[in-house]
Amino acid sequence: MLYLDNAATTPVRREVLEAMWPYLTAEFGNPSSVHTVGERAAVALADARGRVATVLGVRASEVVFTSGGTESDNLAIKGIALGNPRGRHLVTTAIEHEAVLESVDYLRRLHGFTVTFAPLSPDGILTPEALESVLRDDTTLVSVMYANNEIGTIQDIPALSAIAATRGIPFHTDAVQAAGWLDLSVRALGVDALSLSGHKIGAPKGVGVVTLRGRLPIEALVHGGGQERSRRSGTENVAGAVGLATALELAESERTDAAARLTAMRTEFTSRVRALVPTAVPTGHPEQRLPGHASFCFPGTSGEAVLLELERRGFVSSSGSACAAGSDEPSHVLTALGVSAEVAHTAVRFTFPASITAGQLEEVALAVAASVRSLTRIGGTPATAVGSLRVS
């Protein structure tokens, strides 16, 4: 079985498990305790915070550990909007993760905010000009994801955040899918808040991080013992923090080589699928996209049926966001970009591990063609007549 749903989650890396093990066993202390057992836990937590800060290019005091990307998005958006109310206007896009969309909707429903969805190109790009056109004097926050989880499109966050900065508007980016593939330097990105999730990069589920610019007023969502500088109360997950720091360091050290390699392979894979399945429609931007991400619609099929056929052949992928799994609704990302609900229901997403080979991708492409053909009875180009995947 070949797992091709890494945008949903990744296996925990052995190095991460080994780094966490002491804090799941002998070093079990509460970092808020003042005895030696607690002090050792506090040292480990501080070390993990510093390591994350180094990778992200921020001060350790700006790092807040959370339970994952969803909580990080919620804390950044609600915390900034309610902590620094220069107005009651939020700007985002219609293709954000549900954690962002539901957070801004909460602020709309219960706190009187208005929400503007900035216009996008058909492949999901937000231009600086389009963002500029929707900003107002009372805009409180802009939240735009770095890379889309369903279609892989990458936004030019430095250019977008610069537009917001000229107006003094805080900028948040959901960088959950970008980790391990794109530069995460907060200063280079120019953002005031950035969200990450550990289980997308080889750490366990249940740990994440959000960076919050030092003097930015933040309204906490969870109140209690005052942990995380009173921005997120609750006994810290020391083992999870250590695991996330380890996974983030590993991902960053491998990022440049992995991104270059996977970009070439993904381009070849997309071409191969289109040659074998002429009706396939790639989604997202053709070049400005995540290296290990390929997504298509297969009109005339059901995306779920294609997935079942692929799994029967030994390949596990997905139809879109794991957070929307089980929903009968078409992808909100695709429909927001003008794709009909009927076609959106045929979406399939492949998100590759850095370790994948050209030979494996050739097998996947052939399996895609066979699966679609079995569902649509199309003739298609015989597999033997089309060249194999190549990597330069």
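A salt bridge is a side-chain nitrogen of Lys or Arg within 4 Å of a carboxyl oxygen of Asp or Glu. Keep that rule in mind as we look at how two domains meet in this predicted model, where local features need pLDDT of at least 70, side-chain atom pairs count only at pLDDT 80 or more, and totals for chains, interfaces and linings use all residues. Residues are numbered from 1 along each chain as its sequence is written, and side-chain values use heavy atoms, with hydrogens and water left out.

**Where the domains meet**

An automatic or database domain assignment gives the bounds, dividing the chain into domain 1 (13-251) and domain 2 (255-377). The table collects values for the pair.

| Feature of domain 1 and domain 2 | Value |
|---|---|
| Separation of centres, over C-alpha atoms | 28 Å |
| Buried area between domain 1 and domain 2 | about 2200 Å² |

Buried area is the accessible area (1.4 Å probe) that two parts lose on being put together, summed over both. Of the area buried here, 61% is on carbon and sulfur atoms. On the domain 1 side, Glu150, Ile151 and Trp181 lose the most area to domain 2, together 37% of what that side buries.

Counting contacts (heavy atoms within 4.5 Å), 29 residues of domain 1 touch 28 residues of domain 2. How many salt bridges cross this interface? The rule finds zero between domain 1 and domain 2.

**Links within the chain**

Elsewhere the picture changes: the structure's count comes to 21 salt bridges. One of them joins Arg349 to Asp5, with the closest N and O atoms 2.9 Å apart. Arg349 lies in strand S12 and Asp5 in the loop between strand S1 (2-3) and helix H1 (14-24), so this pair ties together parts 344 residues apart in sequence. Strands (E, at least two residues) and helices (H or I, at least four) are DSSP runs, numbered from the N terminus.
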